[in-house]
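Trainee: I would like to go through the terms used for this model one at a time, and to hear how each value supports the word attached to it.

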Number of protein chains: 2
Amino acid sequence: MGKYSRPASQPELRPRFRITRGMKIAFGPGKADLLEGIVKTGSIGKAAKRMGMSYMRAWSLIQEMNKCFKQPVIVSVRGGHEHGGAELTPAGRRVLASYREMEKAALIAARTDWRALRKMLHD
Amino acid sequence: MGKYSRPASQPELRPRFRITRGMKIAFGPGKADLLEGIVKTGSIGKAAKRMGMSYMRAWSLIQEMNKCFKQPVIVSVRGGHEHGGAELTPAGRRVLASYREMEKAALIAARTDWRALRKMLHD
């Protein structure tokens with residue numbers, strides 16, 4: 001973000017995009033983190049646990065995503081979602097990559113205004 | 001966002017920035033909307049009501065902001081916050097304006113990736 005990194009207690013700017021349709025959220029920060037967790041752990045259950053989320057909640061988020069996108073974002077491997085593993089489909093990987101790119105681009109684009117805002121905040 | 005506007009039920013991209021310090025949120029979408037509501041209504045109570053928020057909650061958000069920023073973002077006018085009116089200070093107006101600028105810049109910066117993501121979603 002800047003020329004030097006700041007300690008964790010300094011103000012930080014975090015971009016979050018939501019893809020909405022009417023009142024429904026098709027995709028957002030929680031779902032992105034869940035997909036990323038599945039990439040890292042290879043398991044819906046483990047990804048959910050890392051986020052302090054129940055398996056049922058994670059499963060329902062995945063079903064929402066699979067309904068919103070034309071292609072499924074997750075597939076089960078080695079014998080079913082619950083006890084086996086899961087991984088992102090090529091579509092899921094593209095969704096996650098595009099989302100993270102949007103976040104990066106947003107941070108860069110916001111830099112000038114963030115610099116002005118940052119100066120108005122206490123250290 | 002595009003060459004033509006879409007009906008409300010079509011997927012939409014919404015940028016949301018959070019300014020955090022450790023676990024605390026110094027500023028974000030809710031606070032921005034509250035400031036905007038005060039600009040529009042000239043009253044903390046009316047702004048809170050429009051957001052379905054209690055006066056106490058709005059007041060506590062304002063106190064948080066006033067602590068995080070070097071200068072207060074809100075001042076009372078015509079005899080006190082609760083029964084009189086309120087308005088943004090010059091600092092408050094700058095904070096709100098910079099925040100909205102960041103959102104606009106983020107949407108523009110995310111456009112290419114959003115176009116790719118958009119195609120992957122059901123209409």
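Mentor: Let us begin with the interface of this predicted model, where 19 residue pairs, both at pLDDT 80 or more, are in polar contact between chain A and chain B. On the side of chain A that touches chain B, strand S1 (12–21), helix H3 (55–68), H4 and helix H5 (111–120) each supply at least two residues, and by class that side has 21 nonpolar, six polar and 12 charged residues.

Trainee: How many salt bridges does the rule find across the interface of chain A and chain B?

Mentor: The rule finds zero across that interface, although the structure holds 16 salt bridges over all chains. The area buried between the two chains is about 3800 Å², and carbon and sulfur atoms give 61% of that area.

Trainee: What makes the pair Glu64(A) and Lys31(A) a salt bridge?

Mentor: The N to O distance between their side chains is 2.7 Å, and the cut-off is 4 Å, so the pair meets the definition. Glu64(A) lies in helix H3 and Lys31(A) in helix H1 (residues 29–41) of chain A, so the salt bridge ties together parts that are 33 residues apart in sequence.

Trainee: Why is Lys31(A) called buried, and what is Glu64(A) called?

Mentor: Buried means under 20% relative accessible area; Lys31(A), at 6%, therefore counts as buried. Glu64(A) has a relative accessible area of 33%, and is therefore partly exposed.

Trainee: How do you know that Arg100(A) is buried?

Mentor: Its relative accessible area is 18%, which is under the 20% cut-off, so the word applies. Arg100(A) also forms a salt bridge with Glu36(A), the closest N and O atoms being 2.9 Å apart, and this pair links helix H4 to helix H1 of chain A across 64 residues. Glu36(A) counts as partly exposed, at 25% relative accessibility, and both residues belong to a network of salt bridges with Asp33(A), Lys40(A) and Glu103(A).

Trainee: Why are Lys40(B) and Glu36(B) said to be separated by about one helical turn?

Mentor: They are four residues apart in helix H1 (residues 29–41) of chain B, which means a separation of about one turn. Their side chains meet in a salt bridge at 3.9 Å, N to O, which is within the 4 Å cut-off.

Trainee: How do you know that the span of helix H4 of chain A agrees with its number of residues?

Mentor: At 1.5 Å a residue, the 20 residues of H4 (residues 90–109) should span 28 Å, and the end C-alpha atoms are 28 Å apart, so the two agree.

Definitions and conventions
Residues numbered from 1 in each chain as written. Chains lettered and ligands numbered in written order. Predicted model: local features only at pLDDT ≥ 70, side-chain atom pairs only at ≥ 80, totals over all residues. Heavy atoms only, no water. Expected span 1.5 Å × (residues − 1). Buried area = accessible area lost by both parts, 1.4 Å probe. Polar contact = N/O pair within 3.5 Å; in protein donor to acceptor, adjacent residues only side chain to side chain. Nonpolar A, V, L, I, M, F, W, Y, C, P; charged D, E, K, R; others polar. Buried < 20%, exposed > 50% of the residue type's maximum accessible area, 1.4 Å probe, protein only.
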